[in-house]
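Please load the model in your viewer and keep a selection prompt ready. The stops are given in the order in which to select them.

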Amino acid sequence: MMSAESIKTASAVYFTLLKDKVIDENSEHFQAYFDPDVRQTVLLMADESGTFIIESPKRIQLVVQPTGSVFATNFTHMKDRHKQVETKKHFHLMSVVIMAFLAGIDRNQAAKIRTKREGISFYTLERQVNDVIMNWDSLLKAKPGFGEEEKIDMRDVVTTWKYMEVDTDDYGARKANRRTRIGLIASAMRLLETEGLIVILDREDIPKAIPKQEIFERIEYLYHDYDRYEMFKELMKTEEDQHAENTSN
C-alpha cells in the first residue's frame, strides 16, 4: 500500500512536470522521483492521464500521447493554445517546418554539436524547407498521387508555400505575420519554444533557433521508435541529401 507521503510527493512531481514539462537533476523533485514508490505512482498518474515519462540520466520529461490523452494537443487544442495556428493549411506547413528543423538537427554527432552551439537561423531554415518543398513539387509533377500514402496533402502544402512572400520589410511585423515564410517559421519555432525545447535568439535582426538538450532526448527516446517520424525524415531529404548519402556509403 502506498503511503500518503509517497502519494503527496508523487503528485508534487507530476504536477511540476505538467507545468514545466521537464525536471532536471538540480530540482528537488528529480531525486524524489527515483524513490521506487514515488516513481511507481508518478508513472501510474501519467498512464491514467494519457501522458508518459521520458527518463534520461540528467532529467525527466513529460510527453503527451498522440491519442487518448486528457491533455491531447491535436489541431483543435493546439489552435486554442496557440492562436497563431489559424488554418489547417498553416498547421500542416508549420508541421513541415518543425520536421525540417528536427531532421536538420537529427543527423550525425558533428551536426548536433554544431547546431547546439550555433543554432539554425530562420533564413537557413527557410532555404531548407524551400528545397524540400520544391523537391516535392517536382515529385508531384511526375506522380500526382505523391503524399496520399503518407496522408499528407502535398499539393496544398506545396501551393501555399510557393505563393507566400519570403519576408516583410518591417521587422516588427515579421514576428506576428505568419502569411510570410519567415513569419510562419517564427510561429512554428515559438511552438517549440513554448514546449521548452529550443531557445530563440534575436541577434542583429537575424532570429535563430538553438536546440536544447531536451529536444535531442525527445528525438532519441521517443521519435526514433516512430515509423511516421522516420518516414517524414525520409521525405525531408532533397536530391542533394540523397546524393550526399550515396557518396558517403
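The tour below goes through a hairpin, a helix and a loop residue in a predicted model.

**Stop 1: the hairpin.** Select residues 51-55, which are strand 2, together with residues 59-64, which are strand 3. The two strands run antiparallel and are paired over 5 bridges. Between strand 2 and strand 3 lie 3 residues, and the pair forms a hairpin. To pick out one bridge, show Phe-52 and its partner in strand 3, Val-63.

**Stop 2: helix 10.** Move to residues 181-194, the 14 residues of helix 10. From first C-alpha to last, helix 10 reaches 20 Å, close to the 20 Å expected at 1.5 Å a residue. Colour the helix by accessibility: 11 of its 14 residues are buried, leaving helix 10 mostly covered. Among the buried ones are Arg-181, Ile-182, Gly-183 and Leu-184 at the start of the list, with Leu-191 and Leu-192 further along.

**Stop 3: Gly-196.** Following helix 10, select Gly-196 and check its backbone: phi is positive, near 75°.

**Stop 4: Lys-212.** Keep Gly-196 shown and add Lys-212, 16 residues away along the chain; their C-alpha atoms are 8.0 Å apart. Lys-212 sits in the loop between strand 6 (206-211) and helix 11 (213-221). Which residues does Lys-212 touch, leaving aside those up to four places away in sequence? They are Gly-196, Leu-197, Ile-198 and Val-199. Lys-212 has a relative accessible area of 29%, so it counts as partly exposed, the range between the 20% and 50% cut-offs.

Conventions
Residues are numbered from 1 along each chain as its sequence is written. This is a predicted model: local features need pLDDT of at least 70, side-chain atom pairs count only at pLDDT 80 or more; totals for chains, interfaces and linings use all residues. Side-chain values use heavy atoms; hydrogens and water are left out. Helices (H or I, at least four residues) and strands (E, at least two) are DSSP runs, numbered from the N terminus. Buried means under 20% relative accessible area, exposed over 50%, partly exposed in between (1.4 Å probe, protein chains only). Contact means heavy atoms within 4.5 Å. The expected span of a helix is 1.5 Å times one less than its number of residues. Two strands pair if DSSP finds at least two bridges between them.
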